[in-house]
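Here is a brisk report on the model shown below. It goes from single residues to salt bridges and then to the chain interface.

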Amino acid sequence: MTDLLFAMAVGILFAIGVFQLLRRDLIKAAMGFSMLFTAINLFILATGAYQGDVPPYTTNVEAGRAVSDPLVQALILTAVVVSFGSYALLLGLINIASRRYGSVDSDDISDLKR
Amino acid sequence: MGNNPLVIAIVFVPFFTGVFTLLFSNTDRDKTQRYLSLAGGVITAVVSLLLLIQVVEEGPQVYQLGGIQPPFGIVFVADNLAALFGVMASTVLLGGILYSVNCQDKCLSYPAFMPLFMFMQTGLNGALMTGDLFTFFVFMELMVLSSVSLVAISDDRYGPEAALKYILISGMGTLFLLLGIAAMYATFGTLNMADMAQQLATGERPLLAQSAGIMLTAAFLLKSAVFPFHFWQPDFHTTAPTPLSAMLSSVVVKVGIYGIIRLVTLLFTEEAQQIEQLLVLLGIIGIFFGSFSALRTYNGKRMLAYSTIGQVGFILLCIGWGTPFALAAAIIYAFNHAFIKSSLLMLMGVVASRIKPKSAEFSYINGLGGKLPWIIGGLWFIGGMALAGVPPMNGFISKLAVARSGVDDGQWIPVILAVGSGILTLTYMFRTWQNVFQAKAKPEELRVKIKPVGDSVLAPAFLLTISLFLGLYARPLVDIATATVEQLNNPSIYIGVVGLFGG
């Protein structure tokens, strides 16, 4: 059940993220970017965290019960930091561009295209 | 096989230099930051050279972070390929810092410039040295974010626009890299490349691993601006501050190449054939697209950026042929191209810094001949010869290696096409030389004011000296490249040296 829910959540987030990233409005594109990162973080979580239900690094694991994978959570922690950094930088750049070009439409921000 | 501190020093010397320079001010008068960075750059270059010598003499070196054995701990591996690319990156970095010391650009006087420059180099060297895919992703992202910030503060008024374009597209590439890495982890339960290679070599291929291979290939192609993913590259490399665009166009695009070489020789050796067919096709298209676009563009730096697309095409073509000699040719080509392209971009920056408005657009800089010191034109002539592959420069050695490997493989038509595109290179390089450095326009015809002083030509001269040296004395590089390919074609060496637990 959890697997199915996870797969659906990842799929829906990914679909919305790709759709938003392709929008002309750069703020929506930035939000799509962050959604895509969330989708991938959930995907990483799904690869290992629910293999077992016992917390890692505990003693006295009962026979027949599997330990949850701690590495995926460390990976997500790193990926969240990275994505947060790039998201902040992206929003800062959109801020500069919107002030300089007076628009957040990616069609208007195209002085380099000639 | 103990821990070798040089492997980690090549990553951490630029990092600590970057952090340390943050303590000092950076203005036009007080250049403490730049001199400190120069010292850091010299140390990085020396360390990388020592590492290369050690790797060539004693075999691949490793460093286990925290002394935890892989695949549980993160391991840094310097085999021939990584060490060779490390020397390339660190030497061009030294050239870039040398240029920055006397650069008149306004963005060079921001206190964040040199630290970000060094952090970018940290990401670059780290991505080359790491033996762990997730760490590769983190270093890659460090590199991307630092270079985006540097382009956003560029003197060029289109800097933020190019940076915005790049962060969105490169962010997409990074996402697919991460997704591919996650899929690999889901399949093999490891992030260590050697461990993955071991499992891939023995077991069958689940569908998830194959799609991970496709995603990694796409991400690497995007990072090295190969033809269908190239559209961000000319904007980004044109608007970047000159020392940075020299780094971007020569070294940073090679990280993607490095990833592809690792992919076809270490990880997906069985699927290599399919990937290589794709690379040959993209390479040939890239060569012609890059060369023709360079012919018709309006800006000197942009011309060189398009030319990079063409040159990367040559490297991909060689990787695609896949014979040992062709792979060696690809490595030689990648190594030689870095010095040529960085020096040429710096020369364009030197020309642009002499005029007001500061821009490398041909409508501004055409007809400046006689107003500029003759040495700039002379160096451009030498660099143009190198890029087109005229002896005695190192470009000739790389073109010769490409043609030789193609003929050995019986690929006549691609070889003829590839050599034919050298003529295009000759055309656009020497047309620029004629129009900019030889033509003497009357003062009233020029749309720009000439400034008495500009940036120094010390850095491009330094890099061109290296490329002349590599052209006259190519034997060591060719030998190292051949040894590298022997090592690459035998993945068990790489796997063995990592020292997997229980392996």
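## Backbone and buried sites

Ala225(B) is buried, at a relative accessible area of 1%; buried means under 20% relative accessible area, exposed over 50%, and partly exposed in between (1.4 Å probe, protein chains only). Ala225(B) sits in the loop between helix 8 and helix 9 of chain B. Helices (H or I, at least four residues) and strands (E, at least two) are DSSP runs, numbered from the N terminus. The phi of Ala225(B) is positive, about 55°, although the residue is not a glycine. Most residues other than glycine have a negative phi, and most peptide bonds are trans.

The model is predicted: local features need pLDDT of at least 70, side-chain atom pairs count only at pLDDT 80 or more, and totals for chains, interfaces and linings use all residues. Residues are numbered from 1 along each chain as its sequence is written, chains are lettered from A and ligands numbered from 1 in the order in which they are written, and side-chain values use heavy atoms, with hydrogens and water left out.

His230(B) lies in the loop between helix 8 (207-223) and helix 9 (233-239) of chain B. What does His230(B) contact, leaving aside its neighbours within four places in sequence? The partners are Ala225(B), Phe289(B) and Ile309(B), where contact means heavy atoms within 4.5 Å. His230(B) is buried, with a relative accessible area of 12%.

Two cis peptide bonds deserve a look. One runs from Pro70(B) to Pro71(B), with omega near 5°. Pro71(B) is in the loop between strand 1 and strand 2 of chain B. Another runs from Lys356(B) to Pro357(B), with omega near 5°. Pro357(B) is placed in the loop between strand 3 (355-356) and helix 14 (362-365) of chain B.

Strand 1 (residues 61-64) and strand 2 of chain B pair in the antiparallel sense over four bridges; two strands pair if DSSP finds at least two bridges between them. Tyr63(B) has Phe76(B), in strand 2, as its bridge partner. Strand 2 (residues 75-78) is covered on both faces. Val75(B) and Val77(B) are buried on one side, Phe76(B) and Ala78(B) on the other.

Thr44(B) belongs to helix 2 (residues 32-58) of chain B. Its relative accessibility is 0%, so Thr44(B) counts as buried. Not counting residues up to four places away in sequence, Thr44(B) touches Ile10(B), Val13(B), Pro14(B), Ser90(B) and Asn125(B).

Phe362(B) is in helix 14 of chain B. At 10% relative accessibility, Phe362(B) is also counted as buried. Leaving aside neighbours within four places in sequence, its contacts include Thr297(B), Tyr298(B), Met303(B) and Thr432(B).

## Salt bridges

The rule gives eleven salt bridges over all chains. A salt bridge is a side-chain nitrogen of Lys or Arg within 4 Å of a carboxyl oxygen of Asp or Glu. Three pairs are listed here.

| Acid | Base | N to O distance |
|---|---|---|
| Asp79(B) | Arg262(B) | 2.7 Å |
| Asp155(B) | Lys358(B) | 3.7 Å |
| Asp235(B) | Lys165(B) | 2.5 Å |

Asp79(B), in the loop between strand 2 and helix 3 (80-101) of chain B, is 183 residues from Arg262(B), in helix 10 (residues 242-267) of chain B. Asp79(B) and Arg262(B) are both buried.

Lys358(B) is partly exposed at 34% relative accessibility. Asp155(B) is partly exposed at 33%.

Asp235(B) is buried at 5% relative accessibility. Lys165(B) is partly exposed, at 26%. In chain A, salt bridges that share partners join Arg24(A), Asp105(A) and Asp107(A) into one network.

## The interface of chain A and chain B

How many residues of each chain are in contact? Chain A gives 32 and chain B gives 33. The two chains bury about 3100 Å² between them, 79% of it on carbon and sulfur atoms. Buried area is the accessible area (1.4 Å probe) that two parts lose on being put together, summed over both.

Zero salt bridges are found across this interface. Three residue pairs are in polar contact, both residues at pLDDT 80 or more. A polar contact is a pair of N or O atoms within 3.5 Å; within protein, one must be able to donate a hydrogen and the other to accept it, and residues adjacent in sequence count only if both atoms are side-chain atoms.

On the side of chain A that touches chain B, helix 3 of chain A gives the largest share, 16 residues.
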